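The exercises below ask you to work through a sheet region and one side chain step by step. Please keep the sequence and the model open while you follow the solutions.

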Amino acid sequence: MQREWSLDAATRALPGLRPLIALLREQRRNLEAMKDDLLRLRRLERTGARPGGADQPQPAATATESAAEALMTSAMVELRIRALVDQMQASVDRVASRGVELRDIERGLIDFPAMAFGRAFLLCWEESDGEAVVFAHAMGEGFNSRLPIAAFLRRHAQEAGEGA
């Protein structure tokens, strides 16, 4: 059964969701860096070169990686990528298990399913919105159609009254 959120409950949930979104953003950046390293290593392997050879460019290493990690084979990098993808899926599952729909990791965009006037809709929040959920949009409509909650509810109250 899908959870239906109230405006207050959605706003109260934000402090618990922000760290998950930040973690996902960090995991995604790490994944992109690993994918770049994997591509470099595969190019080296196709030419018959061995990673770490004196005549070969070294894979990019972040400040936190040791020199030994920079010399990993592509198979090792693939294993790390798979593990990170599994960790990301677990993070996404943690968000979803709370009854929240994750829309965009980079923007911190999430939707909270809600109900008013007998119609399902989505309370919509992205990190730049601040400390409270203040927007909503209809099911099947996206971010660009969101309205301030009061305007959204007025519009749908009118539509519900016209249909009665």
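**Exercise 1.** Which residue in β3 does I110 stand opposite?

Solution. The model is a predicted one, and the first step is to place the two strands: β2 covers residues 109-116 and is joined to β3 by seven bridges, the two running antiparallel. Within this pairing, I110 stands opposite W125 in β3. The next step is to follow the chain from one strand to the other, where β2 and β3 form a hairpin with two residues between them, and F117 in that turn has a positive phi of about 55°.

**Exercise 2.** Determine how β3 pairs with β4, and whether β3 is enclosed or open.

Solution. β3 and β4 pair in the antiparallel sense over four bridges, and in this pairing L123 stands opposite A136 in β4. For the second part, take buried to mean under 20% relative accessible area; because five of the seven residues of β3 (residues 119-125) are buried, the strand is largely enclosed by the rest of the structure.

**Exercise 3.** Locate R146, decide whether R146 is buried or exposed, and identify its surroundings.

Solution. R146 lies in the loop between β4 (135-138) and β5 (147-148). Its relative accessibility is 15%, and therefore R146 counts as buried. Leaving aside residues up to four places away in sequence, R146 touches C124, W125, E126, D129, F135, A136 and H137, a list that includes W125, the residue opposite I110, and A136, the residue opposite L123. Finally, the side chains of R146 and D129 are joined by a polar contact of 2.8 Å.

Note on methods. Residues are numbered from 1 along each chain as its sequence is written. This is a predicted model: local features need pLDDT of at least 70, side-chain atom pairs count only at pLDDT 80 or more; totals for chains, interfaces and linings use all residues. Side-chain values use heavy atoms; hydrogens and water are left out. Buried means under 20% relative accessible area, exposed over 50%, partly exposed in between (1.4 Å probe, protein chains only). A polar contact is a pair of N or O atoms within 3.5 Å; within protein, one must be able to donate a hydrogen and the other to accept it, and residues adjacent in sequence count only if both atoms are side-chain atoms. Contact means heavy atoms within 4.5 Å. Two strands pair if DSSP finds at least two bridges between them.
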